[in-house]
Amino acid sequence: MNDDAYFQETAASRARRMRWWHAARFGLFVHWGLYAQLGRHEWAMNRERIPLPEYERLADTWRPKERPAREWARLAKRAGAKYMVLTTKHHEGFCLWDTKQTDYNAVKRGPGRDLVQEFVDACREFGLRIGFYYSLMDWHHPDGARCATDDAARRRFLDFTQGCVGELCSNYGKIDILWYDVAWPLRTPALWESARMNAMVRALQPDIIINNRAQLDEDFGTPEEQVTAAGVGRAWEACMTFNGAWGYMPSAIDWRSVREVLGMLRTASAGGGNLLLNIGPKPDGS
């Protein structure tokens, strides 16, 4: 399928695919990864310039408790959320599922199990729609930065990226949302092969909703840390933290009040948008 045909097809099916999402209004975002063990912000590896061999050791020391995603799903259900979105791979490059693309994953390393499967099971148990976050930027992959200047590296990194996204859309049954993040370092959707990748996603998941962070507008915009529309006539979802950090960070002190959080939900709903409210679980998942 060429790009023009792809965009026409997705636009025609958007109203049907988005119907439940527009009615939902409220979802729970979950940022959970190796960085939780540090408790110093999910960007700690980058901000503190932690050498890769040192940071990699966190993959073997991570020991989450049994099935913490059930606690998140129960909490989300009680709070009135209709869907959850999990960081299956954040910028650090550690994959929470049993991927064949790299051994740097939760099954091969410390946790010793598929944390994405546990998340999916919990969502289904509590009747929540399922969303997968996937960071395009990758600080661990050897071609993650090199791909911007080396065509062979770009091909390897795109094969890795498309392989990961394909697994996430193939291995867990019906998935409702694909939530990309940080399309760095490639500067255009053509370089990322975003249309081709999303066509693959929709071939595997015909009803899926895709956000705008692979440099294509797709189904909805994603204003961050501000509850405001993403543009006239655009579906939008404000992703918001409780305290300025996405990952577990116990030192954060500027927690939003209950009244402020309720105000965010009210403003999003009144403006025709959704609120995706984030939690950053502790290393054990609590």
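Me: I have this model open and would like to start with the pockets. What is the volume of the largest pocket?

Reply: Happy to help! Bear in mind that this is a predicted model. Its largest pocket has a volume of about 440 Å³.

Me: Which residues should I click on to find the centre of the largest pocket?

Reply: Try Phe242, Trp255, Leu277, Asn278 and Ile279, which lie nearest the centre among the 26 residues that line the pocket. To see which elements contribute, look at S1, helix H5 (69-79), helix H10 (258-270) and strand S7 (274-279): each of them supplies at least two lining residues.

Me: Now the sheet. How do strands of a sheet pair in general?

Reply: They pair through backbone hydrogen bonds, and the pairing is either parallel or antiparallel. In your model, seven strands form an open sheet with parallel pairing, and the order across it is S5-S4-S3-S2-S1-S7-S6. S5 and strand S6 (237-240) stand at the edges with a single partner strand each, so one side of each has no neighbour in the sheet.

Me: Let me walk through the sheet from S2. Is strand S2 (residues 83-89) enclosed or open?

Reply: Enclosed, for the most part: seven of its seven residues are buried, so the rest of the structure largely surrounds S2. On one flank, four bridges tie S2 to strand S1 (residues 26-30), running parallel, and here Phe29 stands opposite Val85. Six bridges join S2 to strand S3 (residues 129-135), again parallel, with Leu86 opposite Phe132.

Me: What do S2, helix H6 (residues 115-125) and S3 make together?

Reply: They make a right-handed β-α-β unit. To check the hand yourself, point the strands away from you and follow the path from the first strand over the helix to the second: clockwise is right-handed. You can repeat the exercise with S3, helix H7 (residues 151-168) and S4, which also make a right-handed β-α-β unit.

Me: That brings me to S4. Which way do the residues of S4 point?

Reply: Ile177, Trp179 and Asp181 point one way, while Leu178 and Tyr180 point the other way, and all are buried. That fits the picture of strand S4 (residues 177-181) as mostly covered, with five of its five residues buried.

Me: Which residues stand opposite one another where S4 meets S3 and S5?

Reply: On the S3 side, five bridges make a parallel connection to S4, and Phe132 stands opposite Leu178. You have met Phe132 already, since it also stands opposite Leu86 of S2. On the other side, two bridges join S4 to strand S5 (residues 209-210), in parallel. There Ile177 stands opposite Ile209, and Leu178 stands opposite Ile210.

Me: One last residue, His31. Is His31 buried or exposed?

Reply: Buried: the cut-off is under 20% relative accessible area, and His31 has 3%. You will find His31 in the loop between S1 and helix H2 (44-47).

Me: What does the side chain of His31 make a polar contact with?

Reply: With the side chain of Asn278, at 2.8 Å. Asn278 is also one of the residues nearest the centre of the largest pocket. Leaving out residues up to four places away in sequence, His31 touches several others, including Thr87, His90, Tyr133 and Trp246.

Key:
Residues numbered from 1 in each chain as written. Predicted model: local features only at pLDDT ≥ 70, side-chain atom pairs only at ≥ 80, totals over all residues. Heavy atoms only, no water. Buried < 20%, exposed > 50% of the residue type's maximum accessible area, 1.4 Å probe, protein only. Pairing = 2+ DSSP bridges. Polar contact = N/O pair within 3.5 Å; in protein donor to acceptor, adjacent residues only side chain to side chain. Contact = heavy atoms within 4.5 Å. 1 Å grid on protein atoms, 1.4 Å probe; cavity = no way out; pocket = protein on both sides within 12 Å on 5 of 7 lines; lining within 4 Å. Points joined across faces, edges and corners; volume = space filled by probe spheres on them.
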